[in-house]
Amino acid sequence: MQIVNYKKSKYLSLFIAAVLLVTLLLSGCQKAAINDSPTKAIKQELVIGEQFDLVSYDPSKNMSDFVRALVFNSLVEIDMDFKKSPGLAETWTMSPDGKTWTFQLRKNVVFHDGTPWNSEAAKTNLKWLANGSGKNTLAAVESIETPDPSTLIIKLKKPVFTFDSDLTPPFMSMVSPKAIDEKGTVTAAIGTGPFKLVSWQKDNNFVMERNEQYFAGAPKLTKLTFKVMPDAESRAMALEAGQIDLMSGREALTAVQRLKTNPALKIVKKMGQTSELMFFNLYKAPFDDLKVRQAVANAINLNEMIPKLIGDLAEPPVNFFSTAFGKFLNPNPQMPKYDLQASKALLAEAGWKDSDGDGILEKSGTKLKATLSYGSNNTEDKLLCTAFQGALKGIGMEVDLRPMDTAALKQALEKKDYQLIMVGQWSVPHDDPSMHYISGYWHSKSTYTIFTSPELDSRIDKLAASLDAQERIKLHQEIQAEIMKNTPEMVIFHRNNVLVMKKNIENLNPSVGTWQIFRGLTQAEIK
Amino acid sequence: MSRKLWRKPMILIGCLILLFYMVVACLAPALVPNNPDEIHLDSLFLPADATYPLGTDFLGRCSYSRLIMASRHTLGAALLIEGIVLVVGVTIGGLAGYFKGWLDKVIISIIDILLAFPGIILALVIAGMLGPGMKNLIIAVSAVHWIGYARIVRNMVISVKEKEFVTAAVSLGSNHPQIIFKHILPNILPFILVYATLNLGLLILNIAGLSFLGLGVQPPTAEWGAMLNEARPYFRDYPALMLLPGAAILVIGLAFQLIGEGLRDILSPRASQLGLEKRILAELEE
């Protein structure tokens, strides 16, 4: 009896499997039925597919980076082109000793809840930040004075010549004092920005409406609906189906390439401020040898790989940093050139030869092997690492790939538990890249000490203490040249900020600052 | 028995498919037209042509060569793991069932604890702790799959040990090894075989599954599960990159299922003859 049942169930399951298969195939064929609606009065409303949820109302903590700049302003801001620009402070001056900063605040500005913006509100915010996320940035603050409603004087314990730039990161946003409770918790997202947050359904959507009283002029768009869609492919499909109007190309490698060819859509891109880097571990063989590092740098043809494999999401490396840092960059950077002959010659000079004919070089009995660690959920890096592995095999180096999750990758970088490691550059939202050397990678007291030397240290220290703008630029360029001469890293690509949208959206440009990619919505309109 | 075997079309089809895979895996290096790992950046996503019988993938590698070479890694790993779990599982299960007592209690509690976790999750945890790589994948999958063998073998040994012919052998003065190898093992071996065949299909799925999650072989090595994972972002534009390795896994899984089920149908009467309880047969189905 049991056997009979079993046979029946077998046919049943075959039938179900067939039905499922057909459904699967059909669902693939289905095209979006609802497309452009008939012409009505054009509503200035956008639906945006966004990877990240709002997370919280607190811009100083974990509120999504990408939308803070729509709701909040800072005292000093970085504009769409990555230039320092006035935010809620109109002008500011630094005393000659760099210890007193006087800010003239914008007048007639109110928060979304009607609370006036003035020096008291600024003081409340700075005090709140000094006990929270702004602890390090504001550590030097001695006192905050408010002689009149539109003047803010900040006295520092020691000179900080980049104090104005230090106020630009998104976590330094100014929040309505009424929205901060006694415990320092932000109870509502109330800022002065171009859009007001009107509703938020966790993990589903959040909606913004325009701020009619925005000090730089109200935006043309009246309503923004952000639909939370973590998966890039789902966002792309929603855009193709017309369910959303706009998405960011962030982490959407293949989707962007496909959407680009869709006649109903257009893409805009701009080089962002961050780059992808590959560090060598200079403290361990074989990359303690400059020649081996140079050989690797010469063996990888980034000018071919990046456009072919990463397409619009990145540009091949042109300098030490992205061009966003314009004036601080060395005008004639010595970027490694793709040259296989030179690469092989360097390895031979370093004493590596293939004595057993297996295609992998050896030196005193050790094979030329290396591990390459990268973030396992980073599609671009994964693809490039596989391509690097192939390229390096060509010069006789065997590379083992080590995919890691984000936390493990960071730990490996901190503990120098790697030989080669590909990571995204720390993206300080700061127009001056000094922090990258001082606390990032290149000073002996920095977090990751990728490469350090007494000369480099002294230059970096000098930069931290320098006030003269010309001298600062010179020091920046010297530091970059000194680092590049030693090849402790390879700049892999400069990441583009990409927006994909319906053709009827005009004047929408991505900003250079990755964290404020949607800031251009302030100018955009639907035609 | 053997004539019966070939009269079952299920088994025949399964065996033919399996034979085909085995031949392909053995002859793989001779069958591939291109180096499966070689990257050609100037020929990404090419359609099928004379040089690349199934086109190229997202790094310009020959899809056909990769598909063929992958058979070695997937099947090789599956057979290796099968060997490991067969030895470990049968030994542990056999000892527990034969000697019973405290040994059985300890072993059965360990098995029960491990069975409380879904197999793939346990393998995932172990592979996650050990880190990605083929060796670690083999350890992780083996650590999960011996449990099934141990439990089934233990139950079968307990049933068979109570049969008259075993009692007879004991009274004739046979020692433990004689009883185990001459009387018990030959009787349960066919059932272990069925279980092993069904399990092989599952093993291949597990290997591919873990590789799909990035815990198995590492690039550039081709493996069906890893190929599926790598091709995932390109599915909308180049579905063949995912469908081909997917089909390869599906068909070999089907082959093992057909063989295993066919064998079980044949063995069913024998099981009742031996007085093996129905639940053992039911367990084979799991």
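**Salt bridges in chain A**

I began with A:Lys308, which forms a salt bridge with A:Glu304, and I noted that the closest N and O atoms are 3.2 Å apart. I keep in mind that this is a predicted model. Both residues sit in helix H8 (residues 302–310) of chain A, and because they are four residues apart there, about one helical turn separates them. I then looked up how open each partner is: A:Lys308 is partly exposed, with a relative accessible area of 38%, and A:Glu304 also counts as partly exposed, at 28%.

Next I turned to A:Glu362, whose salt bridge partner is A:Lys367, with 3.1 Å between the closest N and O atoms. Here I found that A:Glu362 counts as buried, because its relative accessibility is 9% and the cut-off for buried is under 20%. A:Lys367, at 30% relative accessibility, counts as partly exposed.

My third pair was A:Arg459 and A:Glu482, which form a salt bridge whose closest N and O atoms are 4.0 Å apart. A:Arg459 lies in helix H13 of chain A and A:Glu482 in helix H14 of chain A, so this pair ties together parts that are 23 residues apart in sequence. I noted that A:Arg459 is partly exposed, with a relative accessible area of 25%, whereas A:Glu482 is buried, with a relative accessible area of 11%.

I also looked for salt bridges joined into a network, and I found one that links A:Glu233, A:Glu240, A:Arg258, B:Arg236 and B:Asp237. Over all chains, I recorded a count of 40 salt bridges.

**The loop between H13 and H14**

Staying with these two helices, I looked up A:Leu467, which has its place in the loop between helix H13 (454–465) and helix H14 (469–485) of chain A. A:Leu467 is partly exposed, its relative accessible area being 38%. What is the separation between the C-alpha atoms of A:Leu467 and A:Pro96? I read it as 9.0 Å, although the two residues are 371 residues apart along the chain.

**Nonpolar cores**

I then asked which residues have the most contacts inside the largest nonpolar core, and I listed A:Phe279, A:Leu309, A:Leu384, A:Phe388, A:Trp442 and A:Ile492, in a core of 163 residues. The largest share of this core, 15 residues, comes from helix H8 (residues 176–212) of chain B. The core also draws at least three residues from each of domain 1 (42–72 + 193–261 + 503–527) and domain 3 (270–495) of chain A. Apart from it I noted another core, of 61 residues, which includes A:Trp128, A:Leu129, A:Ile154 and A:Val268.

**Helices and surface of chain B**

For helix H3 (residues 63–99) of chain B I checked length against residue count: at 1.5 Å a residue, its 37 residues should span 54 Å, and the end C-alpha atoms are 53 Å apart, which agrees. Just after H3(B), I found that B:Lys100 takes a positive phi of about 50 degrees.

Last, I looked at the surface, where B:Leu12, B:Leu16, B:Leu19, B:Val23, B:Leu27 and B:Leu31 form a nonpolar patch with about 510 Å² of accessible area together. One of these residues, B:Leu16, lies in helix H2 (residues 9–31) of chain B. Is B:Leu16 buried or exposed? I entered B:Leu16 as exposed, because its relative accessibility is 54% and the cut-off for exposed is over 50%.

How values were computed. Residues are numbered from 1 along each chain as its sequence is written. Chains are lettered from A and ligands numbered from 1 in the order in which they are written. This is a predicted model: local features need pLDDT of at least 70, side-chain atom pairs count only at pLDDT 80 or more; totals for chains, interfaces and linings use all residues. Side-chain values use heavy atoms; hydrogens and water are left out. Patches are made of residues with over 30% relative accessible area and no salt bridge: like charges are joined within 9 Å, nonpolar side chains (Val, Leu, Ile, Met, Phe, Trp, Tyr) within 5 Å. Accessible areas come from the Shrake-Rupley method with a 1.4 Å probe; for residues, only the protein chains shown count as cover. A salt bridge is a side-chain nitrogen of Lys or Arg within 4 Å of a carboxyl oxygen of Asp or Glu. Buried means under 20% relative accessible area, exposed over 50%, partly exposed in between (1.4 Å probe, protein chains only). A nonpolar core is a set of buried Ala, Val, Leu, Ile, Met, Phe, Trp, Tyr and Cys residues joined through side-chain atoms within 4.5 Å. Domain bounds come from an automatic or database domain assignment. The expected span of a helix is 1.5 Å times one less than its number of residues.
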